[in-house]
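I opened the file and kept a short record of what I looked up.

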Amino acid sequence: MGRGRAKAKQTKVARQLKYSTPQTDLERLQRELAGDDLPQTDPVDNWVDEEEWKRA
């Protein structure tokens, strides 16, 4: 019992996702594709060693 309400919610969310038209920031997309908006850091540098984390 109670499945009807959950299914109705899922149907509502699915319908919103299917028919919604999100606003796309085309200027930001263009900058991102051109590489102007990307950070130039190495993602490995952002990781913290477990031993360093324990000491902090």
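The entries below go from confidence to fold to surface.

**Confidence.** I began by noting that this is a predicted model. I read a mean pLDDT of 80 for the chain, with 62% of its residues reaching 70 or more. I then looked at the elements. Helix α1 (residues 3–19) has the highest mean pLDDT among them, 92. Helix α3 (residues 50–55) has the lowest, 67.

**Fold.** I listed the secondary structure and found three helices and zero strands. Read from the N terminus, the order of the elements is α-α-α.

**Burial.** I checked how much of the chain is covered. It has 56 residues, and 0% of them count as buried. I noted an exposed area of about 6200 Å² for the chain, of which carbon and sulfur atoms supply 53%.

**Helix α2.** I took up residues 26–34, which form helix α2. None of its nine residues is buried, so the helix lies largely in the open. I also looked at what comes after α2: Gly35 follows, and its phi is positive, near 90 degrees.

**Leu33.** Is this residue buried or exposed? I placed Leu33 in helix α2 and read its relative accessibility as 69%. Leu33 counts as exposed because this value is over the 50% cut-off.

**Patch.** I last asked which residues make a nonpolar patch on the surface. Leu33 is one of them, together with Leu26 and Leu29. I entered the area of this patch as about 330 Å².

Methods: Residues are numbered from 1 along each chain as its sequence is written. This is a predicted model: local features need pLDDT of at least 70, side-chain atom pairs count only at pLDDT 80 or more; totals for chains, interfaces and linings use all residues. Side-chain values use heavy atoms; hydrogens and water are left out. Helices (H or I, at least four residues) and strands (E, at least two) are DSSP runs, numbered from the N terminus. Buried means under 20% relative accessible area, exposed over 50%, partly exposed in between (1.4 Å probe, protein chains only). Accessible areas come from the Shrake-Rupley method with a 1.4 Å probe; for residues, only the protein chains shown count as cover. Patches are made of residues with over 30% relative accessible area and no salt bridge: like charges are joined within 9 Å, nonpolar side chains (Val, Leu, Ile, Met, Phe, Trp, Tyr) within 5 Å. A salt bridge is a side-chain nitrogen of Lys or Arg within 4 Å of a carboxyl oxygen of Asp or Glu. pLDDT is the predictor's confidence in each residue, from 0 to 100.
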